[in-house]
Amino acid sequence: MEKRVTFKGWLLPLLLIAPQVAISAVFFFYPAGQAIWQSLFIPDPFGLSMQYVGLGNFEYLLSDPFYRQSFVTTAVFSTLVTLVSMVPALFLAVMADRLLKGAGVYRTLLIWPYAIAPAVAGVLWMFMFNTRVGVISWYLGQLGYDWNHVLNGGEAMGLVVVASAWGRISYNFLFFFAALQAVPRSVIEAAAIDGARFWRRFFTIVLPLLSPVTFFLLVVNVVYAFFETFGVIHTITSGGPQQSTTILVYKVFADGFVGQDLGSSAAQSVILLVVVGALTVVQFKYIEKRVHY
Amino acid sequence: MKLSAIGALLAGSAIAAPFAAMAQTEIQFWHAFTGRLGELVAEQVETFNASQSDYTVVASHKGNYSETLNAGIAAFRAGEQPHILMVFEVGTATMMAAEGAVKPVYEVMAENDAPFDPDAYIGAVKGYYTTEDGQMLSLPFNSSTPVLWVNRDALAAAGIDPDTDLSTWEQVGTVLDTLKEAGSTCPLTTAWQSWIHLENLSAYHDVPFATLDNGFGGLGTELAFNGPVQVAHVGAMGQWAQDGKFIYAGRRNEGGANFRAGECALFTESSAGYAGIKAEAQFDFDVRPLPYWSGVEGAPQNTIIGGASLWVMEGKDTADYQGVAEFLSFLSSTPIQAKWHQDTGYLPITTEAGEATREAGFYDENPGTDVAVIQMTTNEPTGNSKGLRLGSFDQIRGIIDEELEAVWAGDKDAQTALDSAVQRGDQLLRRFEQANR
């Protein structure tokens, strides 16, 4: 029989969920409502007047080829950031898990990059790859490769991906490492006795057992790539060259706070809200089905 | 009243400003200067505060130009605006359109009987901030204009006479050829490409950057920098970029590091680059006027300014504006202006401050520091060279940067890139017109 605890009356349950509801209302529903409302207007920057334009802001945005391109850029960017931050993290975690000596030191060192703020990480990478004074670009020059992310969109994308993913590897490593510790030794030993080699054991036993953590990290990293990589992009490329690193969130900032075009910026926020909502539904509906808890 | 969350956050920092003695009226002044410039501003403010006892000016740094403007706008929306806000030249149209948010400087001066003679200011400087009927809306603060910086040692190393004439782009082209042949890795670089190679290029050759006198004539202005002069110039620069004669370093003044390190022979940059170059350059350098194309009739006209001006915000007590007027008069006074000009390389805003500097022998001791002044003041500005007044200009510059980068990378030819920049920029102008109808 299913066991259920029920409350008598309404007061206590309402009281218990009140903090959560209040926080959601103040920090989510109110600003989201404001964004939806503002997206119907073209206001002047100082808030002195507003022109009602209906869906004009959306029409303007969707007819802009650069805005449509920004969806592709965002998709490429977040896929790459997610992959680059998760695959090496898993690899490092598996390696760390096998260590007998010095695991603590190794672990601590791997966690350090997570403590660095995205904007600072951006500056670090920008200096290393600076086209004139960067250490790495200098070595690349020695090898005969002329690195110039200021003009080359592909290189710019590569650089912001690496700079964004770098700090996240630590975060992902922590989760993978903890999950690996929870994989029962007996199962692995049984497989080993049956003659399964390391990589075979990894793909048929360990990886499926890691799927809940992998799924969690997938969701978290996609959200990170969408919203929190702003500082890195701002410091390294400012969305250039030729908007090749302008992801949707960066464009919201650039139009709203550089261009003072709050109507367009609000409309973009609404579109972003819908995109991320849809993405979350997809993740939970389709990918989660393949997760074994 | 609408109050965005970000606005409230930004405005919150205004409340945290230090309190002065209660008897004095406090004047809030938000600016965008750090480092040496920040110190010089602080010095000006201290001198003013010490010179009288009725007012205390409190200067606060609010980030770079864009951030300062944003802080001012957000603060206004929250009702916490400063008395005086520094706004870069690019934000001029935004501020002008904000009737009800700003109080024109000529009005502040007249209402408070402050000594104020618009004719004392250098025409090309004040023109940028003056209405069509000659009323000064904001007080020019720091203004500079682009010049050509020359690494004399680099020219000599390539077997070129360091005193060679570099007045025209044709002559520069020949020198670039020689430099390249002699193995220079960076014959020419630039800072602020849109400002120097399109905005100033247009003014200097007396061709329009935008219609309706570059936007001075109204919000209906349309971009026009895809004309033959601009296309020819950007085309030539693009070719130089392909040949490795023009090295593009970035949208802002990244190229300055390369020049100061001695890598680059020629460098187009603001006259205000003086302090940095003088401090760091380990080579013999000099300043030349910005080159022009000799084939273009009317060139050289005059260059236009970049920099910032001080806007007075609405909504403060009437009595406060007396203090604002006194502070602005103080800033325009000859000794303060002459010192500012000499310390920073920025232009003096009054004719008198320029003359005082000359009389003090400063130009003789620091050759080339008057090039910018001469370049700006030789000719009376025309409709094409008075300045630019375009809405969403910060974003339009971003678009121009993108399209120029496409030319430097060899992805687009000059005509295609400039046509595209004009078309994209015009969309923003129409939106700005709609927002400020």
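How many of the seven residues of strand 1 (residues 25-31) of chain B are buried? Keep that in mind as we walk through some close-up views of this predicted model.

**Figure 1. Strand 1 of chain B and its surroundings in the predicted model.** The count is five of the seven residues, so strand 1 is largely enclosed by the rest of the structure. Being buried here requires 20 or more other C-beta atoms within 10 Å of a residue's own. Look next at the neighbours of this strand. Strand 1 of chain B runs parallel to strand 2 (residues 55-61) of chain B, and seven bridges join the pair. To find your place, start from B:Thr25, which has B:Tyr55 of strand 2 opposite it. Strand 3 (residues 84-88) of chain B also lies parallel to strand 1, with two bridges between them. Here you can look for B:Trp30, whose bridge partner in strand 3 is B:Leu85.

**Figure 2. A β-α-β unit in chain B.** Follow the chain from strand 1 through helix 2 (residues 35-51) to strand 2, and you have traced a β-α-β unit of chain B. What is the handedness of this unit? It is right-handed. The two strands in the unit are the parallel pair with seven bridges from the previous view.

**Figure 3. Strand 5 of chain B and its antiparallel partner.** Strand 5 (residues 139-144) of chain B has six of its six residues buried, so it too is largely enclosed by the rest of the structure. Its pairing with strand 11 (residues 306-313) of chain B is antiparallel and has five bridges. A handy landmark is B:Leu139, with B:Leu310 of strand 11 standing opposite.

**Figure 4. Where the two domains of chain B meet.** Domain 1 of chain B covers 5-144 + 305-377, and domain 2 covers 146-303 + 391-435. Their C-alpha centres are 28 Å apart. At the boundary, 20 residues of domain 1 are in contact with 21 residues of domain 2. On the domain 1 side, the elements giving two or more residues are helix 4 (92-97) and helix 18 (371-377) of chain B. Helix 18 gives the most, with four residues. By class, this side has nine nonpolar, nine polar and two charged residues.

**Figure 5. Chain B against chain A.** Now zoom in on the meeting of the chains: 31 residues of chain B are in contact with 22 residues of chain A. Several helices of chain B give two or more residues to its side of this contact, namely helix 3 (65-77), helix 4, helix 12 (255-260), helix 19 (393-408) and helix 20 (414-435). Which helix of chain B gives the largest share? That is helix 19, with seven residues. The chain B side is made up of 13 nonpolar, ten polar and eight charged residues. For the complex, the predictor gives an ipTM of 0.75 and a pTM of 0.83.

**Figure 6. The start of chain B, a stretch to view with care.** Chain B has an average pLDDT of 90, and 95% of its residues score at least 70. Over residues 1-21 of chain B, however, pLDDT stays under 50. The model has 31 contacts beyond four places in sequence for this stretch. Where pLDDT is low, predicted coordinates should not be read in detail.

Notes:
Residues are numbered from 1 along each chain as its sequence is written. Chains are lettered from A and ligands numbered from 1 in the order in which they are written. This is a predicted model: local features need pLDDT of at least 70, side-chain atom pairs count only at pLDDT 80 or more; totals for chains, interfaces and linings use all residues. A residue is buried if 20 or more other C-beta atoms lie within 10 Å of its own, exposed if 12 or fewer, and partly exposed in between; C-beta atoms are placed from the backbone. Two strands pair if DSSP finds at least two bridges between them. A crossover is right-handed if, with the strands pointing away from the viewer, the path from the first strand over the helix to the second runs clockwise. Domain bounds come from an automatic or database domain assignment. Two residues are in contact if their C-beta atoms, placed from the backbone, lie within 7 Å. Ala, Val, Leu, Ile, Met, Phe, Trp, Tyr, Cys and Pro count as nonpolar, Asp, Glu, Lys and Arg as charged, and the others, Gly among them, as polar. pLDDT is the predictor's confidence in each residue, from 0 to 100.
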